[in-house]
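Here's a quick walk through a fold, question by question. Have a look at the model first, then we'll dig in.

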Amino acid sequence: MNPATATPAEARALFRTTEVPTTAGFSPGYAQANLIALDKRYAFDFLLFAQRNPKPCPLLGVLEAGETTSELFAGGDIRTDIPSYRIFREGTLVEEVADARDYWTPTTVSFLIGCSFTFEQALVDAHIPVAHIEQGRNVPMYVTNIPCTPAGVFSGAMVVSMRPIPASQVADAVRVTSRYPAVHGAPVHVGDPAAIGIGDLAAPDFGDAVDIAPGTIPVFWACGVTPQSVVMHSAPDLAICHSPGRMLVTDVRDSFYQVP
């Protein structure tokens, strides 16, 4: 299957049976989403956490307790339609699985969070290079020293994704992505990674390192992997998340989340 021509439904069907290293580049023009699923006793606390931290946790939708599909991905199954899931118990990653049905219960609530993959086609259309797509890698992601605003039992540090942007196009990248606030919007930092607690760009906490071309500047966007950093810090008894860089491909057009 050619990722660039796959429909969202075709992509989700592929992910049920086939391992892929990243969903970047799949079904261009359609929004992708991060996942965190928790028992309903944590649902209000996490909803409040997302509302207090809209940059890293912009909510696209919530599936009520026991629900496994949504109009965002009609006919799909949130338990199987992401290429890989991470299972956390009391804040510790215990397993990575291709099918999460064994961990779902009638009281599981799923939160779908905006993903910066959604605005990458807009960057490409503006002739701004996206290194990890060009290099066939997962986007590099880093835990920062930027604290999120706590809510209930949840607290922790923001995670960011990084794209090296030619210096002459940084302002264009900011302008393009600022039109997508539902999928993280404008960058949270440009330039020196040490200023936000990142010691080595070649050693991301999630995803893959990318080759950084001369004349480019590292640009950092808030990332929907932040809930996993928060889970590791806050230690709920069970959390089901997507594997970083392997997302839910939705039926919603990118343009739906674009503001004027």
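Q: How far apart are the centres of domain 1 and domain 2, taken over C-alpha atoms?

A: First, a caveat: this is a predicted model, where local features need pLDDT of at least 70, side-chain atom pairs count only at pLDDT 80 or more, and totals for chains, interfaces and linings use all residues. Residues are numbered from 1 along each chain as its sequence is written, and side-chain values use heavy atoms, with hydrogens and water left out. The chain splits into domain 1 (3-115 + 227-257) and domain 2 (117-225), with bounds that come from an automatic or database domain assignment. Their centres, taken over C-alpha atoms, are separated by 20 Å.

Q: How many residues does each of the two domains put into the contact?

A: Contact here means heavy atoms within 4.5 Å. Domain 1 brings 39 residues and domain 2 brings 36 residues.

Q: What is the radius of gyration of the chain, and what does the globule rule give for 260 residues?

A: The chain holds 6 helices and 11 strands; these are DSSP runs numbered from the N terminus, with helices being H or I of at least four residues and strands being E of at least two. Its C-alpha trace spans about 50 × 40 × 35 Å along the principal axes. The radius of gyration is taken over C-alpha atoms, and the globule rule is 2.2 Å times the number of residues to the power 0.38. The chain is as compact as a globular protein of that length, because its radius of gyration is 17 Å, close to the rule's 18 Å.

Q: What share of the 260 residues is buried?

A: Buried means under 20% relative accessible area, exposed means over 50%, and partly exposed is in between (1.4 Å probe, protein chains only). By that cut-off, buried residues make up 56% of the chain.

Q: Which residues touch the most other members of the largest nonpolar core?

A: A nonpolar core is a set of buried Ala, Val, Leu, Ile, Met, Phe, Trp, Tyr and Cys residues joined through side-chain atoms within 4.5 Å. The largest one has 30 residues, and the members touching the most others are I36, L38, F46 and F49.

Q: Which element gives this core its largest share, and where does the core lie relative to the two domains?

A: At least two residues each come from β1 (30-39), α2 (43-52), β5 (108-114), β7 (157-166), β9 (216-222), α6 and β10 (239-242). The largest share, 4 residues, is from α2. Both domain 1 and domain 2 give residues to this core, so it lies between them.

Q: Which of the residues in α6 are buried?

A: Helix α6 covers residues 226-234 and is mostly covered, with 7 of its 9 residues buried. T226 has a relative accessible area of 0%, so T226 counts as buried. Leaving aside neighbours within four places in sequence, T226 is in contact with P56, C148, A157, M158 and V159. The full buried set of the helix is T226, P227, Q228, S229, V230, V231 and S234.

Q: Over how many bridges do β7 and β9 pair?

A: Strands pair if DSSP finds at least two bridges between them. β9 also has β8 (residues 189-190) as an antiparallel partner, joined by 2 bridges, and there V190 stands opposite V219. On the β7 side, S161 stands opposite W221 in β9. β7 and β9 run antiparallel, and their pairing takes 7 bridges.

Q: Is G215 buried or exposed?

A: G215 sits in the loop between β8 and β9. Not counting residues up to four places away in sequence, G215 touches I165, P166 and A167. The C-alpha atoms of G215 and I165 are 8.4 Å apart, although their positions lie 50 residues apart along the chain. With a relative accessible area of 57%, G215 is exposed.

Q: E90 and H184 both have a positive phi; which of them is buried and which is exposed?

A: Neither is a glycine: phi is about 50° for E90 and about 90° for H184. E90 lies in the loop between β3 (85-89) and β4 (92-97), while H184 is in the loop between α5 (170-177) and β8. At 59% relative accessibility E90 is exposed, whereas at 0% H184 is buried.
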